[in-house]
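Work through the exercises below with the model open beside the text, and try each task before reading its solution.

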Amino acid sequence: MSVQTEKVQWSARVRESAEKNLPPSQLLPDEQPVYVHSWIYVFGALSIAAFGVVLASGLWLSLKGPTWWHTSSIGLFVNSLHLWSAELFFFFMVIHLWGKFWMAAWRGNRSMTWVTGSVAFLASIGTAFTGYLSQQNFASQWIASQGKDGLNAAGVGAFFNVLNFGQMLMWHIVLFPLVVGALIVIHVLLVRKHGVVPPYPVEGQEEFDTGPEAVVDVQGRADGEGGVS
Amino acid sequence: MGSIGVTFAGWLGAMVNLDHPAHYVHWGWFQISTANLVVILLMIVVFVLALFVPFPGRRFQ
């Protein structure tokens with residue numbers, strides 16, 4: 001098989017694109033620009049960690065069912081774990097959003113990174129809303145009866161019926177998690193491709209000056225100081 | 001969950017009595033539950049701390 005033949009195949013094109021845009025050293029880096037050495041850059045990773053707990057506890061709940069999560073001690077604990085990990089997911093994600101907004105993190109050809117993060121945030125709100133509708137208790141009935149009028153007024157009630165428990169459950173445990181999960185993966189890959197946005201430059205300069213030691217490894221060491229280079 | 005877990009859950013539940021209608025803060029047209037207001041204020045506090053608290057390890061510049 002000639003090289004020319006390989007290039008017309010979709011698998012070869014995908015491989016070449018991945019090698020070009022996301023080489024392994026960029027996909028799993030061991031050093032970052034010096035300006036990343038701040039707590040404000042931690043909240044994206046914290047959001048993903050919380051999302052992992054949301055998924056794990058959600059899978060556990062889906063295996064055992066509502067009688068279990070409403071009556072047994074462990075079920076109540078896992079139910080609370082799911083709620084509080086979702087609360088932390090939003091808590092961290094909002095701080096991440098604020099940080100990136102004030103940095104204008106869409107600069108430097110990073111618009112799609114910003115867009116995928118924003119849409120993931122909106123989809124997460126839908127996931128949380130359908131989660132409250134899936135509790136199988138009086139709170140979920142109350143939220144459904146209160147929410148239906150607003151959604152009907154918005155014209156979406158015909159295909160997004162909050163009084164239809166089965167539909168809301170499937171949105172919550174299948175459709176929304178797939179969308180949010182896929183957007184998070186794309187978002188992280190875009191961050192890896194374009195890098196973390198640098199701070200605003202000092203007035204009079206065109207770019208942020210990273211200095212002679214522009215990168216630090218995961219332990220804060222510069223190249224040549226025993227760190228991974 | 002073991003007896004320690006049940007005891008801890010009971011102790012934690014006894015700290016905050018939730019068996020009442022939610023508290024709300026009301027300014028003119030604006031209304032928000034106290035719980036939501038506390039969460040928003042906490043997010044602002046953590047955001048400011050994240051900006052100013054030094055990150056562990058040396059910073060090279």
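A crossing of two helices is called left-handed if the near helix is turned anticlockwise from the far one by less than a right angle, and right-handed if it is turned clockwise. This is a predicted model, in which local features need pLDDT of at least 70 and side-chain atom pairs count only at pLDDT 80 or more, while totals for chains, interfaces and linings use all residues. Residues are numbered from 1 along each chain as its sequence is written, and chains are lettered from A and ligands numbered from 1 in the order in which they are written.

**Exercise 1. Describe the make-up of each chain in helices and strands, and state what share of each chain is buried.**

Begin with the terms: helices (H or I, at least four residues) and strands (E, at least two) are DSSP runs, numbered from the N terminus. A residue is buried if 20 or more other C-beta atoms lie within 10 Å of its own, exposed if 12 or fewer, and partly exposed in between, with C-beta atoms placed from the backbone.

Chain A has nine helices and two strands, which follow one another along the sequence as α-α-α-β-α-α-α-α-α-α-β. Of its 229 residues, 21% count as buried. Chain B has two helices and two strands, arranged in the pattern α-β-β-α, and buried residues make up 0% of its 61 residues.

Then turn to contacts, where two residues are in contact if their C-beta atoms, placed from the backbone, lie within 7 Å. Among the contacts in chain A with a separation of 6 or more, 71% come from residues 24 or more positions apart.

**Exercise 2. Which residues form the largest nonpolar core, and which helix gives the most to this core?**

A nonpolar core is a set of buried Ala, Val, Leu, Ile, Met, Phe, Trp, Tyr and Cys residues joined through C-beta atoms within 7 Å. The largest one has eleven residues, namely A:Ile40, A:Phe43, A:Ala50, A:Phe51, A:Val54, A:Ala86, A:Phe89, A:Phe91, A:Phe92, A:Met93 and A:Ile95. Helix H4 (43-64) and helix H6 (73-103) of chain A each supply at least two residues of this core, and H6(A) gives the most, with six residues.

Within the core, A:Phe51 touches A:Phe89, and A:Phe51 also touches A:Ile184, when residues up to four places away in sequence are not counted. A second, separate core has nine residues, including A:Ala120, A:Met168, A:Trp171 and A:Phe176.

**Exercise 3. How are H4(A) and H6(A) oriented to each other, and what is the handedness of their crossing?**

Axes are lines fitted to C-alpha atoms, for helices over the stretch in contact, and angles run from 0 to 180 degrees between N-to-C directions. The axes of H4(A) and H6(A) come within 8 Å and cross at roughly 155 degrees. Angles under 35 degrees count as roughly parallel, over 145 as roughly antiparallel, 65 to 115 as roughly perpendicular and the rest as oblique; H4(A) and H6(A) are therefore roughly antiparallel to each other. The crossing in which H4(A) passes H6(A) is left-handed.

For the classes of residue, Ala, Val, Leu, Ile, Met, Phe, Trp, Tyr, Cys and Pro count as nonpolar, Asp, Glu, Lys and Arg as charged, and the others, Gly among them, as polar. The residues of the contact of H4(A) with H6(A) divide into 16 nonpolar, ten polar and one charged.

**Exercise 4. Repeat the analysis for H6(A) and helix H2 (residues 34-52) of chain B.**

The two axes come within 10 Å and cross at roughly 50 degrees, and H6(A) and H2(B) are therefore oblique to each other. H6(A) passes H2(B) in a right-handed crossing. On the side of H6(A) the contact is made by A:Phe91, A:Val94, A:Ile95 and A:Trp98, and on the side of H2(B) by B:Met43, B:Val46, B:Phe47 and B:Ala50. By class, this contact of H6(A) with H2(B) has eight nonpolar, no polar and no charged residues.

**Exercise 5. Where in chain A are A:Ala104 and A:Gln136 placed, and what is the phi of each?**

A:Ala104 lies in the loop between H6 and helix H7 (111-133) of chain A, and its phi is near 55 degrees, a positive value in a residue other than glycine. Because A:Ala104 has 13 C-beta neighbours inside 10 Å, A:Ala104 counts as partly exposed. A:Gln136 is in the loop between H7 and helix H8 (138-153) of chain A and has a positive phi of about 65 degrees, although it is not a glycine. With 15 other C-beta atoms within 10 Å, A:Gln136 is partly exposed.
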